[in-house]
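Q: Please take a close look at one part of this model, the aromatic pairs, and then set them beside the contact between the two chains.

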Amino acid sequence: MSKKNRTKKSEKEKVKKQESIVYKLVLRNLISLAVLALVIYLLYSNVPGYNWLWNGLIKGNLETIRTYPDLTRDIKFEYKENPDAGYVNFIKNNTSDTSSIVFPPRNLLINNEKGFKRLHTKAWITYTLYPRRVEYYNELPDTNDLESFDFIAVFNYWGYDKVSYPTNRANEYYLIPTKAK
Amino acid sequence: MFTISLIVFFLLGLSVVNLISKDFSIGEKFGYSLLIGIPINTFFIMVLSLVGVKVTAVTLLIISIVLIILLNIKNVNWITESISDAKKINLSKINFKNYHLVWLSLLLITAYITYGISAKNLYWPTFAFDSVAGYDLMGKVIAAEGSVFNSLFNESGKAVAGSAHRIIYPPNMAGSFAIAYMNGLELPKIMITIFFVFFLISLYFLSKKYNTKTGAAIIVFLTIITPEMTSHAALSLINLPQAVFVGLGYIAVWLWISNNDRKYLILSAVFLAINVWTRSDGIVFNFVAGLAVLYFCVKQKTYKDLVIFSSLVLFPFVAWYGFMAVYNIKAAVENQQLLVTHLFWDPEKLRSLWGSVKFVLSSMNYYGAILYIFFGAVAINLYNIYKKEQLPLLFLITFSWLTFTLFYYQIDYSWDSMQNVISYSYKRAFFCFVPMLAFYIASNKISLNLLNKFEDFVTGKS
């Protein structure tokens, strides 16, 4: 056998050896990957929390985001926190940042039958209406001095009787100025 | 403006990381920088409030830039050299044989879950009650009024009704939210995503210092698939950020113990300091880590390190209580006694506590299978434990768990039922253990041996 042929043969063997190493590596990777996939599948199908994480938390929320990409912040907040959020959003959208608002007495807000569960928390309404000034009627130092505030938050018809001008009492939940225009 | 602030805070954090040691890997430095840079700024929010200077995005930027300059004055040559070294990095020399499909798949799944939870976080406005009536509210008001002592406190220093103790938590979380608001963002929830993403990066590179890259990927993967914890990456609550700092701090303590590498002791002190800068009750974790540090420092007679560690992990706690004393700040529920202040023995209370804790922790809905896998890992390592292998790591996990649970035994449940407190507070606070449990699962002696063999097998080294 000539030297040239011998070199060619050894090169071929080298390539073959290289190829077999690559095949071995690919095979090992695929086997390992299959084992990993099996472990993940077993965890996913047997552990309720993992199932919820993937389907509910990740896939479910990405689906919601894809379906409703353009919802406003207010609508999203209302989706999570209604009816309270709808009520404060109405007040926010109808008052300026510098406004001051009197809310009904806290016990009226706690003991309501309409499902409001946040409005009686001062910290919660302060956050949602900030920088507006908000106070509960029962916590005012002087309940006769309502005119130092700009608005009264009408809740379950409470509030109409607190102003000196005539009102039509048309809305159960509303916002009225403390002074006649 | 927000992007500029983040870049500057990143550089500030990077300067601090370099001050601890220049030998951290690039991945570690990248992960740690914002996790440290942002809390430093929230600390300055308190300092500025104390001296009566209005906190704004610009004042914080100026302070950060001045600090960056001061911290790097002596580093100019090193920075120049590092940049020229970075230019010489030849990407074609990366050996792709060292990487494999299992590692890549774990990272891809982790990345997808991170993307999903972050998208959720940024899509929904703040609605979690504790944040609306707490951290986010405080952040919003700090940003608008430029002070931690603001209109949320009345003339006698009492916090706004309905905020419980949330307004008077150390202002790391509220301050982070304030930074977002001050920079013109409509909502501050991106700060949670930043903490979460940089935590995962840090956890990976920190774990890689002790484990293989597959092991590090498993630790991150096990952490992120923990349902209750990951769900909090889309809420603007305080428990996940605390878990970030406790988890990283504890793993760093273990790295110091196992490798006697001093930079990890200082790094852990920084993370644990930020832990008590996030929640004061995190002092429980600092106490247990402090016991381990005390033991090893006395053994090695490195008392200076003990002093540095102790000072760092206590400083934010003392500083915040000092600030509250100066302004006479009080919680909205000031007359509520949270803890029983003397030691007592009540077997019925203990039994009831254990029952509630067991109910929460054994639920696979909240923590998936991580606790079961952890106990499995302990069981198969009983012989190694008997041989005193990795005992300090187990001590850090189990003793802090015990101390933390006894803290709940010490609570005076006259203001709420034990079941409620365990179902909400304990359940969330337990996040702090998740990174440690994941770390032990992949880093115990048997797992480490198996992972080393696996790495050789899958990369063709065996």
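A: In this predicted model, B:Phe407 has a relative accessibility of 24% and therefore counts as partly exposed, since buried would require a value under 20%. B:Tyr408, at 3% relative accessibility, counts as buried. The ring centres of B:Phe407 and B:Tyr408 lie 5.8 Å apart with their planes at 80°, and because an angle over 60 degrees is classed as edge-to-face, that is how this pair is described.

Over all chains the count of aromatic pairs comes to 57. Another of them joins B:Tyr210 and B:Phe439, whose ring centres are 5.8 Å apart and whose planes stand at 35°, so this pair is tilted. B:Tyr210 sits in the loop between helix H8 (190-207) and helix H9 (213-224) of chain B, while B:Phe439 belongs to helix H21 (residues 434-443) of chain B, so that the pair, 229 residues apart, links distant parts of the chain. Both B:Tyr210 and B:Phe439 are buried.

Turning to the contact between the chains, 39 residues of chain A are in contact with 56 residues of chain B, and the two chains bury about 4,300 Å² between them, 73% of it on carbon and sulfur atoms. On the side of chain A, the residues that lose the most area to chain B are A:Arg73, A:Tyr127 and A:Tyr130, together 17% of what that side buries. A:Arg73 also forms a salt bridge with B:Glu186 through their side chains, at 3.3 Å from N to O, and one salt bridge is found across this interface, along with 13 residue pairs in polar contact.

Methods
Residues numbered from 1 in each chain as written. Chains lettered and ligands numbered in written order. Predicted model: local features only at pLDDT ≥ 70, side-chain atom pairs only at ≥ 80, totals over all residues. Heavy atoms only, no water. Contact = heavy atoms within 4.5 Å. Buried area = accessible area lost by both parts, 1.4 Å probe. Salt bridge = Lys/Arg side-chain N within 4 Å of Asp/Glu carboxyl O. Polar contact = N/O pair within 3.5 Å; in protein donor to acceptor, adjacent residues only side chain to side chain. Phe/Tyr/Trp six-rings, centres within 6.5 Å; stacked < 30°, edge-to-face > 60°. Helix = DSSP H or I, 4+ residues; strand = E, 2+ residues; numbered from the N terminus. Buried < 20%, exposed > 50% of the residue type's maximum accessible area, 1.4 Å probe, protein only.
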